Amino acid sequence: MKLGILLTTSPENENTNTVIAISTAARKAGHEVSIFLMYDGVYNVNKKDFAELVDKGVNIAVCALNVEQRKVGRVEGILFGSQYDHACIAADVDRFISFG
Amino acid sequence: MKKITVVVRNLPLNTRRNAEALRMSVGLTLREDKVTVIFMDDGVYTATPARPEIIGFQPPKKEFEVLSMLKCSLLADVLSLGKRGITTLLPDVKAVNREDIVKPITESDIVIPF
Amino acid sequence: MQDLVKKMATELDLKGEVCPYTFVKTKLKLEELESGEELVVTFDHAPAVENVPRSLKNEGHKIMGIEQKGDHLWKVRIRKA
């Protein structure tokens with residue numbers, strides 16, 4: 001199954017650990033996981049545990065406009081994309097969860 | 001084509017969250033999905049002709065213009081409006097009863113509370 | 001012939017626009033064109049220059065070229081699918 005996740009809160013919020021836990025478990029169960037980060041969610045790229053999801057095979061894309069507004073640097077393996085990438089995740093997944 | 005509903009619930013001032021919810025809603029139309037935006041609870045203030053620019057806050061004018069242009073449904077919850085004494089809404093935002101708020105939510109493939 | 005095609009390209013100025021309006025407006029303009037016609041879009045928002053062409057390619061359109069015209073000014077030439 002393809003799972004899509006939207007995260008709009010910064011890493012201080014408990015949402016981050018929930019997203020990490022769900023994504024890790026979903027990957028272990030063999031599901032595809034795609035995460036879109038926007039608004040303060042883009043700060044999560046700087047959290048080690050979160051960025052390491054990429055190594056577990058999770059696709060992560062961020063809203064480049066929000067990244068630019070918040071002066072967040074690029075992180076390898078994470079797509080500095082656009083709202084179009086969010087639309088693609090929403091259109092292509094079987095289940096979608098939002099954490100805001 | 002999927003149906004996506006975005007629910008805006010919080011006060012619009014001192015935050016960019018609501019404007020970002022609307023910008024995200026515009027983005028979600030880009031793969032031809034049908035997007036509905038619901039304003040309820042304090043989120044209904046977002047859909048009023050307020051003038052936040054007076055206190056130096058940018059109103060989400062462009063977001064509304066594009067959502068209208070893309071023919072997205074913009075619905076405000078009548079009960080939330082009544083509780084707050086709001087009688088005027090932005091053009092293209094329709095005041096609807098709870099039943100008409102529930103309908104797009106139950107028919108949607110994805111619901112995003114923002 | 002190439003010069004003629006270039007002369008005939010439709011222009012779209014998206015200076016001052018950010019994501020996703022850059023893509024929305026490009027897409028709407030492309031809908032007005034016939035398959036094979038070209039559109040030249042001007043952007044001044046750096047992330048758009050990277051993301052709009054990538055998204056358009058995903059939609060099947062062809063990116064004919066990206067030209068930097070100034071510090072924060074780019075022209076992207078698109079051929080409609």
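With 81 residues, chain C would be expected to show a radius of gyration near 12 Å if it formed a compact globule, and the value of 12 Å computed for chain C agrees with this. The model is a predicted one. The C-alpha atoms of chain C occupy a box of roughly 30 × 25 × 15 Å along the principal axes. Chain B, with 114 residues, has a radius of gyration of 13 Å, close to the 13 Å of the globule rule. Both chains are in contact with chain A: 12 residues of chain C take part in one interface, and 17 residues of chain B take part in the other.

**Chain C: fold and surface**

- Three helices and four strands make up the secondary structure of chain C.
- Their order along the sequence is α-β-α-β-α-β-β, so chain C opens with a helix and closes with two strands in succession.
- Buried residues amount to 43% of the 81 residues in chain C.
- Where contacts in chain C link residues at least 6 apart in sequence, 62% of them join residues at least 24 apart.
- The accessible surface of chain C is about 4400 Å², and carbon and sulfur atoms hold 49% of that surface.
- Chain C carries 14 positive and 14 negative side chains. The centres of these two sets of charges lie 3 Å apart.

**Chain B: fold and surface**

- The secondary structure of chain B consists of four helices and five strands.
- Strands and helices alternate along chain B in the pattern β-α-β-α-β-α-β-α-β, with a strand at either end of the series.
- Because the radius of gyration of chain B is close to the value from the globule rule for 114 residues, chain B is as compact as a globular protein of that length.
- The box filled by the C-alpha atoms of chain B is roughly 40 × 30 × 20 Å, again taken along the principal axes.
- Of the 114 residues in chain B, 51% count as buried.
- Among contacts of chain B with a sequence separation of 6 or more, 76% are between residues 24 or more positions apart.
- Chain B exposes an accessible surface of about 5600 Å², to which carbon and sulfur atoms contribute 54%.
- There are 17 positive and 14 negative charges in chain B, and their mean positions are 2 Å apart.

**Interfaces with chain A**

- The size of an interface is often expressed as the accessible area lost when the parts come together.
- Between chain B and chain A, the buried area is about 1600 Å², of which 63% comes from carbon and sulfur atoms.
- Three arginines, Arg17(B), Arg23(B) and Arg31(B), supply 36% of the area that chain B buries against chain A, more than any other three residues.
- In terms of contacts, 17 residues of chain B meet 19 residues of chain A.
- Between chain C and chain A, about 950 Å² is buried, with 55% given by carbon and sulfur atoms.
- On the chain C side, Cys19(C), Asn51(C) and Arg54(C) lose the most area to chain A, and together they account for 42% of what that side buries.
- This interface brings 12 residues of chain C into contact with 12 residues of chain A.

**Local backbone features**

- The peptide bond joining Cys19(C) to Pro20(C) is cis, with omega near 5 degrees. Pro20(C) is placed in the loop between strand S1 (10–14) and helix H2 (21–32) of chain C. Cys19(C), on the other side of this bond, is also one of the three residues of chain C that lose the most area to chain A.
- Asn14(B) is not a glycine, yet its phi is positive, at about 60 degrees. Asn14(B) lies in the loop between strand S1 (3–8) and helix H1 (17–28) of chain B. With a relative accessible area of 75%, Asn14(B) is exposed, since the cut-off for that class is over 50%.
- Asp92(B) likewise has a positive phi, near 75 degrees, in a residue other than glycine. Its loop runs between helix H3 (78–83) and strand S4 (93–96) of chain B. The relative accessible area of Asp92(B) is 54%, so Asp92(B) counts as exposed.

**A loop position in chain A**

- Asp55(A) is found in the loop between helix H2 (48–51) and strand S3 (59–63) of chain A.
- Asp55(A) is exposed, at 67% relative accessibility.
- The C-alpha atoms of Asp55(A) and Gly77(A) are separated by 8.5 Å, with the two residues 22 apart along the chain.

Note on methods
Residues numbered from 1 in each chain as written. Chains lettered and ligands numbered in written order. Predicted model: local features only at pLDDT ≥ 70, side-chain atom pairs only at ≥ 80, totals over all residues. Heavy atoms only, no water. Rg over C-alpha atoms; globule rule 2.2 N^0.38 Å. Buried < 20%, exposed > 50% of the residue type's maximum accessible area, 1.4 Å probe, protein only. Contact = heavy atoms within 4.5 Å. Areas by Shrake-Rupley, 256 points an atom, 1.4 Å probe, with all protein chains shown as cover. Lys, Arg positive; Asp, Glu negative; His and termini not counted. Charge placed at Lys NZ, Arg CZ, Asp CG, Glu CD. Buried area = accessible area lost by both parts, 1.4 Å probe.
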